[in-house]
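Q: Let us question the labels used for this ligand site, one at a time.

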Amino acid sequence: MPDMENALYVVATPIGNLGDITLRALDTLRGVDLVACEDTRHARHLLDHHGIGVPTLALHQHNENEAAARLIRLLGEGKSVALVSDAGTPGVSDPGARTVAAVRAAGLRVIPLPGPNAAIAAMSAAGLADERFLFIGFLAARVGARRTAIAELAPVNAALVFYEAPHRVLETVTDLVELLEPQREIVIARELTKMFEQIERMPLGAAPTWLAADANHQRGEFVLVVSAPPPREGIDAETERVLAALLAELPVRQAAKLAAQITGEPKNALYARALELKNALV
Ligand code: SAM
């Protein structure tokens, strides 16, 4: 076992299949002095599976500040600590960010160990041609806040990636159908890496019926990926690409003017679209 550096190692762990753990993650979990974890019993299951006896410390959203202070003391004594969440990558819709910030602010080293993440796993199997995606994670549980958030996301020129709980998936998908353009598609990825893994792609409007068709379709853990909105009428994909590229470097008026010169499209239409793009991305 190589000597561990005096650092906080942020370690991604499986999202279902216990085999999805990197060699480096196993070496690190074996080598550190302590594993800080969201749920000690859950982490013990993973550690026992790999014959790792390192002590654990609970670090969850309700005690993160105190637990982080304790980790900083240990790191200050020269110890090495791993941080894991219940599943996937810590800090991604999981505790970890506050700890990482505190450790970094204390001038101590943070070392990420990349690995499983449900959003990336879903994207990798979704097969969408969209170049960009925006990770949203969980939407608000309250209907009004959720619908407002979806309406604000409607013009964003990117695929959208959501996490959702089984008891809310039908409600959320129904809101997506009502508030997003009907030409968009959805990929429903449930139980990734597990026995009943299912990845289904369909027109967005067909999703509520699919979910309701079989009780199993609403069971387990979900990632929902919605394809990007269709290009605006009158502006083809190439013009849109030129405009977006110029907009990344220039103010709206100048980007629209140059895009019009390059593509021959009317300046007014490009200016209006440039404003939409700018507002969608801020
Ligand atoms: N940190 C995790 C990650 O890196 O993906 C996410 C943790 S978040 C608390 C849990 C949510 O992630 C679930 O409600 C579900 O939306 C998604 N998720 C986690 N594991 C999944 C799986 N095996 N299949 C589908 N979605 C999953």
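Q: What makes up the shell around the ligand, by class?
A: The shell has 10 nonpolar, 4 polar and 5 charged residues. Ala, Val, Leu, Ile, Met, Phe, Trp, Tyr, Cys and Pro count as nonpolar, Asp, Glu, Lys and Arg as charged, and the others, Gly among them, as polar. This is a predicted model: local features need pLDDT of at least 70, side-chain atom pairs 80 or more, while totals for chains, interfaces and linings use all residues. Numbering runs from 1 along each chain as its sequence is written, and side-chain values use heavy atoms, without hydrogens and water.

Q: Why is the pair between Tyr163 and the ligand called a polar contact?
A: A polar contact to the ligand is a pair of N or O atoms within 3.5 Å. A side-chain N or O atom of Tyr163 is 2.7 Å from a ligand oxygen, so the pair qualifies.

Q: What makes the backbone of Ile15 and of Leu192 count too?
A: A backbone N or O atom of Ile15 lies 2.9 Å from a ligand nitrogen. For Leu192, a backbone N or O atom also lies 2.9 Å from a ligand nitrogen. Both are therefore polar contacts.

Key:
Polar contact = N/O pair within 3.5 Å; in protein donor to acceptor, adjacent residues only side chain to side chain.
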